[in-house]
Amino acid sequence: MTVKDILAAIQSPDSTSEDFAALPLPESYRAITVHKDETEMFAGLATRDKDPRKSIHLDEVPLPELGPGEALVAVMASSVNYNSVWTSIFEPLSTFGFLERYGRTSELAKRHDLPYHIIGSDLAGVVLRTGPGVNAWHPGDEVVAHCLSVELESSDGHNDTMLDPEQRIWGFETNFGGLAEIALVKSNQLMPKPDHLSWEEAAAPGLVNSTAYRQLVSRNGAGMKQGDNVLIWGASGGLGSYATQFALAGGANPICVVSSPQKAEICRSMGAEAIIDRNAEGYKFWKDENTQDPKEWKRFGKRIRELTGGEDIDIVFEHPGRETFGASVFVTRKGGTITTCASTSGYMHEYDNRYLWMSLKRIIGSHFANYREAWEANRLIAKGKIHPTLSKVYSLQDTGQAAYDVHRNLHQGKVGVLCMAPEEGLGVRDEAKRAQHIDAINRFRNI
Ligand SMILES: C/C=C/C(=O)SCCNC(=O)CCNC(=O)[C@H](O)C(C)(C)COP(=O)(O)OP(=O)(O)OC[C@H]1O[C@@H](n2cnc3c(N)ncnc32)[C@H](O)[C@@H]1OP(=O)(O)O
Ligand SMILES: NC(=O)C1=CN([C@@H]2O[C@H](COP(=O)(O)OP(=O)(O)OC[C@H]3O[C@@H](n4cnc5c(N)ncnc54)[C@H](OP(=O)(O)O)[C@@H]3O)[C@@H](O)[C@H]2O)C=CC1
């Protein structure tokens, strides 16, 4: 049995769940990996010069054993997230440390501690097998997977699964990720594939859409409400393109920050009106590596007031980190919220705390999303309220180039990767719903 036979079953309209259950599984499959013996390959280079094309490999790997509560999924398409960029440049830590630590937790978890790491935290595909104890999903189900992996043996995670001490991001802190022909997930990562989208469109939103939902909309994040002024950094990027849609769909007022006229135009086409081109307006929040320039925070705040009719920011959607965090804290209104999920430009943030405490502002740390939040975010995609922001699609063997483009900020929205799918555009089951939303679905394509 080969991957080709699985693909034939997926492409046949007559295949039943029993047919999928009866398909023998292949012994091996193709997967995107990084190698443990290469973690020092970029030693001494600046972050910018670390090239994912050199560290990312396409390997034939053995199929992992299927455990209780798990599913093996035939991956039709996946997407590149920034966490795969971090893995491929071995920053801020090599992800092999996460795999070793996970491997020490149980006999079953030992499977993850390998000399190669199969990366990728998104997928759209078809369930091939489920392990003991899985009742909600069956072979043949068309699914997407969110990337929250939890054990839930401790009480800590039972109010909010993100608080499980054994919380991990699948395909980053666990092995057998989505940039592969077959992936291993826990069955409570599975969600229905939106039926009006192709495989690559369905795979694109998952990680960033769920993260933006928790960070901005959920009560666990900023709890955005109608009329809020929301400052969105990187508003046409992975996270930002979903935050902008959530702000618009929720009756808030996004103030979109981007770095080019082309990206400003994308935000305008989503429906945003208040847009700041940080490049054209030349903000320099840092005078040198160690000194910020509060005059530039004020110039930025003045520009925001021009765009809002004199109002300040209720919620900042933060992720660039060190470079922008001082400005983000400054421009937030009294009692407002800065919600952060990342530090792309550096994790040692500096801000003037007087503006935080004297104005009763709050900083909220946010990380991915629990199953319910991911489900709600996916439901909005399925209902055509929020749309994929897929710009370009790569073949599995070109994943290194895709990760390079994301690392160098050469992309728009999200970039997709075809895994088993032989071409783009397959997997659409509801053409009528698709037709209703086709312009929005294609908004980011080929720009
Ligand atoms: C969905 C997509 C998401 C993204 O894209 S996010 C962006 C990508 N992700 C990242 O960049 C994050 C990568 N992760 C990290 O950088 C690290 O992962 C952390 C900094 C988050 C944590 O570092 P670590 O080394 O893994 O853990 P420690 O907690 O610093 O060190 C563990 C040792 O420190 C002890 N310790 C922990 N808390 C305390 C405390 N409060 N008081 C005293 N000790 C403490 C522990 O016990 C243990 O010790 P012992 O090494 O001896 O076992
Ligand atoms: N904790 C979590 O759960 C998650 C964390 N992340 C993290 O969030 C970060 C962003 O991810 P994602 O949105 O997918 O990445 P993208 O690269 O797709 O988008 C980020 C955007 O941020 C803007 N940006 C980058 N650097 C700076 C800077 N120095 N100053 C201002 N703006 C900047 C750029 O937009 P422009 O040039 O137009 O301004 C860029 O397009 C990554 O570090 C990622 O690891 C992502 C998802 C989940």
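Q: Which atom of ligand 2 is paired with a polar backbone atom of phenylalanine 368, and at what distance?

A: In this predicted model, an oxygen atom of ligand 2 lies 2.7 Å from a polar backbone atom of phenylalanine 368. A pair of N or O atoms is read as a polar contact if the two are within 3.5 Å. A nitrogen atom of ligand 2 is likewise 2.8 Å from a backbone N or O atom of cysteine 341. In glutamate 323 the partner is an N or O atom of the side chain, 3.5 Å from a nitrogen atom of the ligand.

Q: How much of the accessible area of ligand 2 does the protein cover?

A: One compares the ligand on its own with the ligand in the protein. On its own, ligand 2 has 910 Å² of accessible area, and the protein covers 90% of it. Two or more residues of the shell come from each of α4, α7 (206-217), α8 (238-249) and α11 (322-331). The helix that gives the most is α7, with three residues.

Q: How is the shell around ligand 2 divided by class?

A: It holds 10 nonpolar, 12 polar and three charged residues. There are 25 residues around this ligand, and those that come nearest are Ser259, Arg278, Thr344, Phe368 and His411.

Q: Which residues lie around ligand 1?

A: They are Asn83, Trp86, Pro92, Leu93, Phe98, Arg101, Ile169, Phe172, Leu207 and His367. Taken alone, ligand 1 exposes 1,100 Å², of which the protein buries 35%. Helices α4 (82-88) and α5 (96-103) each supply at least two residues of this shell. By class, seven are nonpolar, two polar and one charged. The side chain of arginine 101 has an N or O atom 3.1 Å from an oxygen atom of the ligand.

Q: In what order do the strands of the open sheet of six strands stand?

A: A sheet is read by following the strands from neighbour to neighbour. Here the order is β13-β12-β11-β16-β17-β18, and the pairing is parallel. Strands β13 (274-277) and β18 (362-365) are the edges, as each pairs on one side only. On average, neighbouring strands of the sheet are turned by 20° against each other, direction ignored.

Q: How many bridges join β12 to β13?

A: Four bridges join β12 (residues 253-258) to β13, and the two strands run parallel. For isoleucine 255, the bridge partner in β13 is alanine 274.

Q: Which strands does α7 lie across?

A: Helix α7 lies across β11 (229-232), β16 (313-318) and β17 (332-340), and it runs at about 150° to β16. This helix also gives three residues to the shell around ligand 2.

Note on methods:
Residues are numbered from 1 along each chain as its sequence is written. Chains are lettered from A and ligands numbered from 1 in the order in which they are written. This is a predicted model: local features need pLDDT of at least 70, side-chain atom pairs count only at pLDDT 80 or more; totals for chains, interfaces and linings use all residues. Side-chain values use heavy atoms; hydrogens and water are left out. A residue is near a molecule or strand if one of its heavy atoms lies within 4 Å of it. A polar contact is a pair of N or O atoms within 3.5 Å; within protein, one must be able to donate a hydrogen and the other to accept it, and residues adjacent in sequence count only if both atoms are side-chain atoms. Accessible areas come from the Shrake-Rupley method with a 1.4 Å probe; for residues, only the protein chains shown count as cover. Ala, Val, Leu, Ile, Met, Phe, Trp, Tyr, Cys and Pro count as nonpolar, Asp, Glu, Lys and Arg as charged, and the others, Gly among them, as polar. Two strands pair if DSSP finds at least two bridges between them. Axes are lines fitted to C-alpha atoms, for helices over the stretch in contact, and angles run from 0 to 180 degrees between N-to-C directions. Contact means heavy atoms within 4.5 Å.
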